[in-house]
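Here's a quick tour of how two chains sit against each other, with a short stop inside one of them at the end. Have the model open and follow along.

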There are 4 protein chains.
Amino acid sequence: MLTKIQGIIPPMVTPLKGEDQIDIDGTIRLVEHMIAGGVHALFLLGTTGEAQSLSYECRYEFIKLVSKQVAGRVPLLVGVTDTSVGESLKMAKVAKECGAVGVVAAAPYYFAPSQQELIEYYTALADQLCLPLYLYNMPSHVKVFLEAKTVVELAKHPNIIGLKDSSANMTYFQTLTYLLRDQPDFALYVGPEELTGECVLMGADGGVNGGANIFPELYVAQYNAAQRHDVEEVRRLQQQIMAISTRLYSVGKYGSSYLKGVKCALSVLGICSDELAYPYRKFREEERARIAAALQEIMGKG
Amino acid sequence: MLTKIQGIIPPMVTPLKGEDQIDIDGTIRLVEHMIAGGVHALFLLGTTGEAQSLSYECRYEFIKLVSKQVAGRVPLLVGVTDTSVGESLKMAKVAKECGAVGVVAAAPYYFAPSQQELIEYYTALADQLCLPLYLYNMPSHVKVFLEAKTVVELAKHPNIIGLKDSSANMTYFQTLTYLLRDQPDFALYVGPEELTGECVLMGADGGVNGGANIFPELYVAQYNAAQRHDVEEVRRLQQQIMAISTRLYSVGKYGSSYLKGVKCALSVLGICSDELAYPYRKFREEERARIAAALQEIMGKG
Amino acid sequence: MLTKIQGIIPPMVTPLKGEDQIDIDGTIRLVEHMIAGGVHALFLLGTTGEAQSLSYECRYEFIKLVSKQVAGRVPLLVGVTDTSVGESLKMAKVAKECGAVGVVAAAPYYFAPSQQELIEYYTALADQLCLPLYLYNMPSHVKVFLEAKTVVELAKHPNIIGLKDSSANMTYFQTLTYLLRDQPDFALYVGPEELTGECVLMGADGGVNGGANIFPELYVAQYNAAQRHDVEEVRRLQQQIMAISTRLYSVGKYGSSYLKGVKCALSVLGICSDELAYPYRKFREEERARIAAALQEIMGKG
Amino acid sequence: MLTKIQGIIPPMVTPLKGEDQIDIDGTIRLVEHMIAGGVHALFLLGTTGEAQSLSYECRYEFIKLVSKQVAGRVPLLVGVTDTSVGESLKMAKVAKECGAVGVVAAAPYYFAPSQQELIEYYTALADQLCLPLYLYNMPSHVKVFLEAKTVVELAKHPNIIGLKDSSANMTYFQTLTYLLRDQPDFALYVGPEELTGECVLMGADGGVNGGANIFPELYVAQYNAAQRHDVEEVRRLQQQIMAISTRLYSVGKYGSSYLKGVKCALSVLGICSDELAYPYRKFREEERARIAAALQEIMGKG
């Protein structure tokens with residue numbers, strides 16, 4: 001059985017060179033950058049990985065490439081979020097063949113299922129999956145909230161072993177933490193990196209933090225500080241995390257400013273390309289200059 | 001160049017026997033039923049067709065099966081709505097090979113693009129597509145509204161030839177009708193069948209009405225009455241259309257009551273199976289009995 | 001008992017000279033302008049009347065002023081929408097003393113009640129009101145939708161005599177029209193003026209149309225054409241109505257463009273002041289110039 | 001100048017005996033109960049106080065009654081949230097006469113203002129108010145979010161001295177904490193009591209927690225533990241806070257379960273009546289029994 005993963009699990013960006021074309025060298029550099037930064041696992045093809053925007057062939061290729069490069073140094077999780085159960089199962093099969101230890105699935109995102117339909121859907125999925133499943137609460141993208149009662153019900157399924165919450169709603173997260181207090185093997189991760197500090201202080205298992213693509217060691221350091229209840233240090237590092245959040249993720253008035261910002265910063269740092277898949281486009285020169293300036297300031301402060 | 005299609009274009013349900021398994025006999029019967037009812041075209045793999053819930057292989061198979069059965073008797077439109085441009089293009093290629101005359105695409109439905117991003121996305125898609133494109137406004141499922149200004153902008157693209165609006169927001173539909181009044185070749189269809197009468201009276205080109213799977217001749221009759229400005233007859237037929245809407249589509253407290261109701265009614269009438277793909281499940285016996293009773297009453301009145 | 005009001009019932013703007021100060025001369029001119037235009041009734045202190053933005057004293061004063069000027073020439077309806085039942089009852093008392101024939105209430109708009117709570121709320125209100133009550137469906141402002149079943153339930157109350165729907169959701173409106181077909185005394189009005197034509201063609205009782213503050217005779221003419229099933233004329237007048245809608249109500253990127261536009265147009269025409277109550281502000285010079293230009297073009301065409 | 005208030009500031013319920021009738025004895029007991037529990041201030045006529053559901057006369061009476069009973073033992077804040085600036089100013093005048101030290105205002109809640117309109121609105125309000133103003137972010141009730149940039153802008157106004165955030169969105173709260181880090185006099189309070197522990201650990205000034213009506217000493221104890229960075233104790237007390245949250249606030253399927261639960265618990269404990277103002281109604285016997293049982297279990301554990 002899989003030991004519970006704890007710590008920082010970056011939702012890896014998918015470096016692209018063009019439409020449906022992986023930036024292979026960038027991918028390799030990014031994997032090495034994050035492993036060198038001490039991250040505890042990698043999560044491929046989530047929201048930050050633009051999974052839904054890529055063709056399936058492209059997604060398969062990416063899983064193979066990353067798993068080969070990681071070569072077992074950290075556990076791999078793979079996103080299989082889909083509107084079709086059949087496609088989720090196919091993706092999980094590829095993930096397993098590549099050595100992934102678990103898969104992650106948000107709710108189907110075209111139809112908006114009721115909570116009862118979510119229970120039936122996830123049960124059917126978990127029954128058929130060849131790997132353990134993490135639930136993924138992502139209401140802003142999939143329209144439905146995995147309510148606390150739904151999660152508690154699904155947590156009884158032997159093949160459902162954790163949840164990543166990207167809602168930023170901490171009343172919800174605290175409710176889950178409380179209701180699942182007698183299931184210590186069930187993992188609870190928080191998505192927004194601005195919240196890893198407080199969540200881990202309060203008992204969460206870690207953070208699936210996009211910024212850990214860029215500054216893996218920072219998020220790992222805050223996770224460690226929170227684990228040992230060092231509130232001063234958590235708050236000191238939080239200043240850097242918030243500088244990143246407010247400077248790198250809010251250039252322009254895009255809903256996609258976060259994604260554009262992460263990829264642009266990685267490009268400025270020479271790690272990988274900043275191409276985005278439709279419906280998003282990379283930053284233009286003027287915006288890139290602002291990211292570069294912000295990066296310099298943030299890294300000067302570090 | 002494609003002559004503008006006018007009239008009733010049923011969004012065909014996808015008859016299923018089980019997970020990702022087409023009900024072939026049911027599909028054949030359903031095609032014949034609708035063509036016998038006088039429909040003006042067929043639209044495959046839309047929302048009513050549960051496209052997103054099916055694997056791609058299953059969708060390809062369905063296009064091939066229907067196009068073979070239709071054999072050119074009515075024009076075929078195929079839904080290529082996807083979150084990945086690459087997959088939309090692949091689907092369109094299959095559609096073209098099968099003789100479809102156009103494709104239909106709602107906005108990408110994981111990320112929620114801005115209006116500017118929608119313009120870029122649809123332009124890129126229309127540039128590369130091998131068939132003419134109909135826009136599809138479906139805000140309840142894809143989270144974003146194709147604003148009137150966005151549609152007006154996109155309507156200038158030579159490969160974008162119409163729009164289906166399923167918002168039920170008639171201020172929006174009237175605004176489009178007005179703003180596009182000098183582009184008579186651009187087709188405007190309304191989704192909700194409760195609105196085909198008034199929309200066609202006011203100048204729309206037709207309805208993409210789910211109920212036309214069950215009672216094709218009824219919607220065709222109302223379309224014809226509206227075309228000749230016979231308000232009395234439009235209102236007389238509207239009574240039957242509303243009886244269907246209020247009796248068949250609101251059994252149970254599901255967001256999916258409409259879909260369950262349409263498939264259940266088709267099954268009660270012996271046309272095709274009522275299986276649904278995840279995240280939805282077919283009606284249970286008690287609910288099926290209510291649909292059967294409602295059908296009997298509706299058909300007695302007809 | 002009140003005879004059912006049919007036709008155009010302008011939701012009268014509240015002419016202001018400054019914070020909580022009625023523009024008395026403007027109010028008098030506006031009343032005369034609308035009555036001369038043939039409107040069938042007046043509705044005070046609705047959304048277009050900015051009721052919620054005014055102090056209660058100011059609202060009371062306005063009711064008194066308008067009722068005195070109208071002097072019984074057309075029936076008066078008064079908005080009593082409030083979050084407090086007590087304040088609604090007080091407002092209704094003032095309305096009755098001034099000769100109003102009915103009151104109008106949207107749902108309470110701070111807490112978002114469930115449908116069952118709406119039934120209890122409206123029943124309690126209707127039980128205590130000294131005037132007949134019209135329901136007002138205004139989901140964009142009050143957050144809750146008066147579902148069709150809720151309206152059908154409330155329509156049984158002897159003191160609830162109609163509904164104004166400002167949702168623009170015509171599936172809903174058609175559903176109400178159908179479900180209440182055996183209650184011909186229950187009045188159904190549509191809010192958005194872009195929809196009066198089609199709604200009256202399909203059987204509605206009239207429109208509560210903001211544009212009728214500016215061009216009362218236009219909306220009355222379309223109502224009359226729709227009443228006699230003259231589809232050609234309805235569509236001809238619809239062109240003018242849509243020119244108003246698209247030119248006067250969409251200057252600037254405000255949620256309040258409609259309100260600003262109506263008041264600005266009335267000011268340009270010399271009827272009343274264009275001051276708005278907080279949280280809104282009137283158009284600046286540049287925007288006013290665009291309204292003036294649009295008005296000229298619209299009136300030249302008339 | 002007002003010293004910054006830090007700690008637990010219960011949003012006091014408004015004990016009622018019937019429609020617009022204050023439960024005077026219950027109010028007195030409730031004030032004494034909370035002061036005995038060590039709360040640092042009281043906040044009247046907020047959401048938990050059902051302000052919007054009460055007539056203005058009733059609200060005025062309540063302010064007078066509470067202020068007389070408190071007699072200066074703790075600072076008083078009064079909610080003046082309104083859709084009319086004039087009514088907010090009148091309420092603030094009463095509050096000042098009764099010795100309140102500040103007022104609290106959520107955004108106007110009928111029209112949904114833009115961020116720019118919010119800045120203009122709050123500036124106009126703060127300019128005219130006779131007491132210092134706390135902003136109140138309550139998006140679920142008022143429809144608009146006070147974006148971080150808006151708050152930063154408004155925090156420059158000398159008469160705007162703090163913010164209460166009831167969004168439960170901790171990314172937002174962390175962003176505010178960071179952006180206002182150089183304005184230590186600006187107070188940041190969190191609404192949901194499930195989050196006071198983590199927010200104070202991360203630097204917030206306190207919690208405006210409904211549960212502190214019932215168990216004031218519990219929230220005060222957690223606040224103190226968080227202030228001294230005692231993570232173990234914060235987490236130990238969090239278990240009790242979550243037991244309250246999950247057991248008392250989720251009886252029934254109401255949006256109003258929280259309010260019903262708080263008042264019902266106070267009634268079971270003999271502190272005050274459980275009547276609610278429209279649109280809400282108090283729990284029925286069966287639900288009250290569940291609250292009583294939950295209370296017994298929670299207090300047994302304490």
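## The interface at a glance

Keep in mind that this is a predicted model. On the chain B side, 39 residues are in contact, and they meet 40 residues of chain A. Together the two chains bury about 3,400 Å², with 59% of that on carbon and sulfur atoms.

Which three residues of chain B put in the most area against chain A? That would be Tyr110(B), Phe111(B) and Pro279(B), which supply 25% of what chain B buries there, more than any other three residues.

## How the copies are related

Lay chain B on chain A and you get an RMSD of 0.0 Å, using a turn of 180° and a shift of 0.0 Å along the axis. That's the relation of a two-fold axis. If you want to find the axis from chain B, look for Tyr109(B): its C-alpha is the nearest one in that chain, at 3.5 Å.

Both copies use the same surface, too, as 100% of the contact residues of chain B turn up again in chain A.

## Polar links across the interface

Now for the polar side of things. The rule picks out two salt bridges between chain B and chain A. One of the pairs to look up is Glu117(B) with Lys260(A), a salt bridge whose closest N and O atoms are 3.5 Å apart. As for polar contacts, 14 residue pairs across the interface make the list, with both partners at pLDDT 80 or more.

## What chain B brings to it

Four helices of chain B each give two or more residues to the side that touches chain A: α3 (85-97), α4 (115-128), α5 (139-142) and α11 (257-268). Of the elements involved, α4(B) has the largest share, at five residues.

How does that side of chain B divide by residue type? It comes out as 19 nonpolar, 11 polar and nine charged residues.

## A stop inside chain A

Finally, have a look at Thr150(A), which belongs to helix α6 (residues 148-154) of chain A. Is Thr150(A) buried or exposed? Its relative accessibility is 2%, and buried means under 20%, so Thr150(A) counts as buried.

And what does Thr150(A) touch, once you set aside its neighbours within four places in sequence? Its contacts are Gln115(A), Leu118(A) and Ile119(A).

Key: Residues numbered from 1 in each chain as written. Chains lettered and ligands numbered in written order. Predicted model: local features only at pLDDT ≥ 70, side-chain atom pairs only at ≥ 80, totals over all residues. Heavy atoms only, no water. Least-squares fit on C-alpha atoms with pLDDT ≥ 70 in both. Contact = heavy atoms within 4.5 Å. Buried < 20%, exposed > 50% of the residue type's maximum accessible area, 1.4 Å probe, protein only. Buried area = accessible area lost by both parts, 1.4 Å probe. Salt bridge = Lys/Arg side-chain N within 4 Å of Asp/Glu carboxyl O. Polar contact = N/O pair within 3.5 Å; in protein donor to acceptor, adjacent residues only side chain to side chain. Nonpolar A, V, L, I, M, F, W, Y, C, P; charged D, E, K, R; others polar.
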